[in-house]
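I opened a new structure today and kept short notes. Here is what I looked up, in order.

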Amino acid sequence: MNMSFSVKQKQKAILRAYFRSGAGQWKVLVLDKRASEIVGELFRGEELRKEGITVSIPLDSKRVDKLESTTGLYLVASSAANAKLIAEDARNEILQKMHICFLSDPAPIEQLVDSVMNPTPPKSLRISEIVTASSDFLCQGDNLFSLASHAHALKPETIAHGLTSALGMLGVVPIIRAEKGGVAEQVGEVLADRLRAELYMGKIVQKSLISRPLLVLTDRKNNLSTALRHPWTYRAMLFDVLGLKASSVEVTVRDKGTDRCMKYNLDEDADDFWRKHATSSFPEVASAIEAELKLYLEEVAEVNKLGSDVSSEISSLPDLARRKEMIDMHMNIATALLDEIKSRGLDELYRIEEDAEAGVVDWNAVMSVIKSDRGTKEDKLRLFLVCFLSGPPIGQVLS
């Protein structure tokens with residue numbers, strides 16, 4: 001994988017370098033809500049343990065015990081409130097050493113120093129470093145990221161802030177073209193001001209101006225129905241139907257007559273199937289799982305034919321076990337999706353909405369779905385709004 005074309009790998013590399021900055025055998029990762037979302041999308045527990053991080057704790061949690069032999073790695077959004085909480089830990093000498101990384105500029109360094117040193121400085125200053133990272137956005141795929149957050153509302157300033165982080169991390173200064181008279185123009189103006197400030201302070205190197213990509217900003221009102229449509233691709237359905245969050249999804253699996261809740265982690269770096277088919281349609285995913293299972297069974301049969309003479313194939317056994325685990329995971333996830341498709345009629349909703357996007361609205365079919373027992377109230381409302389926004393006015397059709 002070429003890292004220059006992977007936003008996710010670049011963001012992981014930046015944060016991994018920070019995690020390695022803290023010396024000592026034991027490290028604790030202190031996160032606010034925003035950072036917790038970001039780290040959850042990028043790293044699994046075993047990856048953090050490899051960096052010496054033994055535990056993660058919320059920034060705003062109550063401190064019960066001092067961890068005087070432990071190094072603390074703080075990863076938080078740039079806010080005065082976070083600076084105040086970090087200062088409390090520094091004044092109370094909770095940790096042996098404190099490394100602090102704010103997710104973006106401008107970092108509240110002055111507020112932090114002032115809160116630590118006043119009214120009286122602590123006996124010993126535990127803060128070893130304060131850095132910033134252009135990482136205030138959620139990476140959900142190699143080249144898929146979101147500015148949305150459960151930690152704060154999405155406003156023009158927030159959108160521009162997230163875009164500044166992403167562009168700063170990529171080291172590019174785009175040519176900005178924004179639709180006038182709306183939110184897109186507001187975002188474009190704030191973003192341009194932020195990028196000019198970054199250039200002035202030398203945080204973006206001049207070579208970034210040699211090759212400048214085009215960034216087009218347009219208002220959602222131009223294509224509002226897209227946000228309401230029922231998806232039909234694998235990753236989008238997991239978000240919409242099964243609640244994929246932090247690259248993890250929970251499904252109910254029936255095992256020997258008993259229902260069990262299983263939590264699966266989906267990682268593009270470790271899962272070839274997910275990397276190849278995250279954007280495939282659900283029927284394509286089902287066919288691909290079937291093909292993977294058939295190939296796996298054929299290879300197992302070949303190994304079994306060898307009987308006791310398996311020395312030439314012994315190296316393939318761990319790989320076969322990993323593939324079987326991957327196949328079982330995606331088969332269980334696909335089965336859970338299929339159950340939802342059947343119970344809610346998602347295939348019919350997708351078909352009607354797809355036709356509506358092409359300008360053909362079958363209002364009889366829409367009303368039939370609305371009156372039926374299949375689907376949730378939200379499903380029916382979304383269907384109606386998509387058709388209402390995409391096709392001719394319903395009054396004109398009925399007349």
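Entry 1. I noted that this is a predicted model. I began with helix 2. I listed its buried residues: Arg 34, Ala 35, Glu 37, Ile 38, Val 39, Gly 40, Glu 41 and Leu 42. Helix 2 covers residues 33-42, and eight of its ten residues are buried, so the rest of the structure largely encloses it.

Entry 2. Which elements do the buried residues of helix 2 pack against? I found three strands and two helices to write down: strand 1 (27-31), strand 3 (67-76), strand 6 (138-141), helix 1 (7-19) and helix 3 (45-50).

Entry 3. Next I traced the sheet. It is open, has five strands, and runs in the order 2-1-3-4-5 with parallel pairing. Strand 2 (53-58) and strand 5 (127-132) are the edges, each pairing on one side only. From one strand to the next, the twist averages 20°.

Entry 4. I looked at one pair in the sheet. Strand 1 and strand 3 are joined by five bridges in the parallel sense. Leu 29 stands opposite Leu 73 of strand 3. Helix 2 packs on the sheet here, touching strand 1 and strand 3. The direction of helix 2 makes about 115° with that of strand 1.

Entry 5. I turned to the surface. Ile 109, Val 113, Met 117 and Leu 125 make a nonpolar patch of about 330 Å². Met 117 lies in helix 5, residues 109-117. Is Met 117 buried or partly exposed? I found a relative accessible area of 33%. Buried means under 20% and exposed means over 50%, so Met 117 counts as partly exposed.

Key:
Residues are numbered from 1 along each chain as its sequence is written. This is a predicted model: local features need pLDDT of at least 70, side-chain atom pairs count only at pLDDT 80 or more; totals for chains, interfaces and linings use all residues. Side-chain values use heavy atoms; hydrogens and water are left out. Buried means under 20% relative accessible area, exposed over 50%, partly exposed in between (1.4 Å probe, protein chains only). Helices (H or I, at least four residues) and strands (E, at least two) are DSSP runs, numbered from the N terminus. Contact means heavy atoms within 4.5 Å. Two strands pair if DSSP finds at least two bridges between them. Axes are lines fitted to C-alpha atoms, for helices over the stretch in contact, and angles run from 0 to 180 degrees between N-to-C directions. Patches are made of residues with over 30% relative accessible area and no salt bridge: like charges are joined within 9 Å, nonpolar side chains (Val, Leu, Ile, Met, Phe, Trp, Tyr) within 5 Å. Accessible areas come from the Shrake-Rupley method with a 1.4 Å probe; for residues, only the protein chains shown count as cover. A salt bridge is a side-chain nitrogen of Lys or Arg within 4 Å of a carboxyl oxygen of Asp or Glu.
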